[in-house]
Amino acid sequence: MIFCAISWLMAIRDSFTLTMTLPLIVLMTDTYVFSALGFYPVNPASGEYVIGSPTVDHAEIMLPGGKKFTIVVKRKGGAGAAYVKSVKLNGHKLDGYVLKHADIMKGGTLEFEIIISNTHF
């Protein structure tokens with residue numbers, strides 16, 4: 001899945017005019033990949049990521065020391081489901097919508113429950 005996203009982003013990158021700078025292209029790529037995974041570093045220096053709505057159903061991030069951080073998305077209501085009902089880290093519900101970088105680096109599983117409508121809140 002990530003390979004497909006990177007190929008798609010490279011095609012977009014190649015279609016830009018020469019006035020587009022490399023740092024902007026890198027920023028756009030980072031933005032897309034983080035958003036697709038379901039979290040984004042609004043302030044990278046804080047070591048925290050804000051939870052969003054992932055577009056992937058499964059992803060794995062290989063970490064140092066043979067560890068792995070897995071993102072699993074359970075959609076209820078089909079492909080149109082886009083609202084985050086709950087997020088669990090290693091089986092425990094996240095308190096709020098913030099994920100810490102240190103938790104990612106420990107490895108484990110981030111599980112999203114995505115629903116079709118936000119009326120369940």
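A salt bridge is a side-chain nitrogen of Lys or Arg within 4 Å of a carboxyl oxygen of Asp or Glu. The structure is a predicted model, in which local features need pLDDT of at least 70 and side-chain atom pairs count only at pLDDT 80 or more, while totals for chains, interfaces and linings use all residues. Residues are numbered from 1 along each chain as its sequence is written, and side-chain values use heavy atoms, with hydrogens and water left out.

**Exercise 1. Describe the make-up of the protein chain.**

Step 1. Helices (H or I, at least four residues) and strands (E, at least two) are DSSP runs, numbered from the N terminus. The protein chain has three helices and eight strands.

Step 2. In sequence order these elements give the pattern α-α-β-β-β-β-β-β-β-α-β.

Step 3. Buried means under 20% relative accessible area, exposed over 50%, and partly exposed in between (1.4 Å probe, protein chains only). Of the 121 residues of the protein chain, 27% count as buried.

Step 4. Take contact to mean heavy atoms within 4.5 Å. Among contacts between residues at least 6 apart in sequence, 55% join residues at least 24 apart.

**Exercise 2. Work out which salt bridges link strand E8 to strand E4, and state the exposure of each partner.**

Step 1. The count for the model comes to six salt bridges.

Step 2. Glu 111 forms one of them with Lys 74, and the closest N and O atoms are 3.3 Å apart. Glu 111 lies in strand E8 and Lys 74 in strand E4, so this pair ties together parts that are 37 residues apart in sequence. Glu 111 is partly exposed at 25% relative accessible area, and Lys 74 is partly exposed at 44%.

Step 3. Glu 113 forms a salt bridge with Lys 76, with the closest N and O atoms 2.9 Å apart. Glu 113 is in strand E8 and Lys 76 in strand E4, so here too the parts joined are 37 residues apart in sequence. Glu 113 counts as buried at 18% relative accessibility, whereas Lys 76 is partly exposed at 47%.

**Exercise 3. Locate Ile 114 and list its surroundings.**

Step 1. Ile 114 belongs to strand E8 (residues 108-115).

Step 2. Ile 114 counts as buried because its relative accessibility is 0%.

Step 3. Leaving out residues up to four places away in sequence, Ile 114 touches several residues, including Ser 53, Val 73, Lys 76 and Tyr 83. Ile 114 and Ser 53 are 61 residues apart in sequence, with a C-alpha to C-alpha distance of 7.9 Å.

**Exercise 4. Place Phe 39 in the core and in the sheet.**

Step 1. A nonpolar core is a set of buried Ala, Val, Leu, Ile, Met, Phe, Trp, Tyr and Cys residues joined through side-chain atoms within 4.5 Å. The largest one has 21 residues, and Phe 39 is among those with the most contacts inside it. Elements that give two or more residues to this core include helix H2 (22-37) and strand E5 (83-89).

Step 2. Two strands pair if DSSP finds at least two bridges between them. An open sheet of three strands runs in the order E1-E2-E7, with antiparallel pairing. Strand E1 (39-40) and strand E7 (98-100) each have a single partner strand, so one side of each is left without a neighbour in the sheet.

Step 3. E1 and E2 pair over two bridges in the antiparallel sense. The bridge partner of Phe 39 in E2 is Ile 51.
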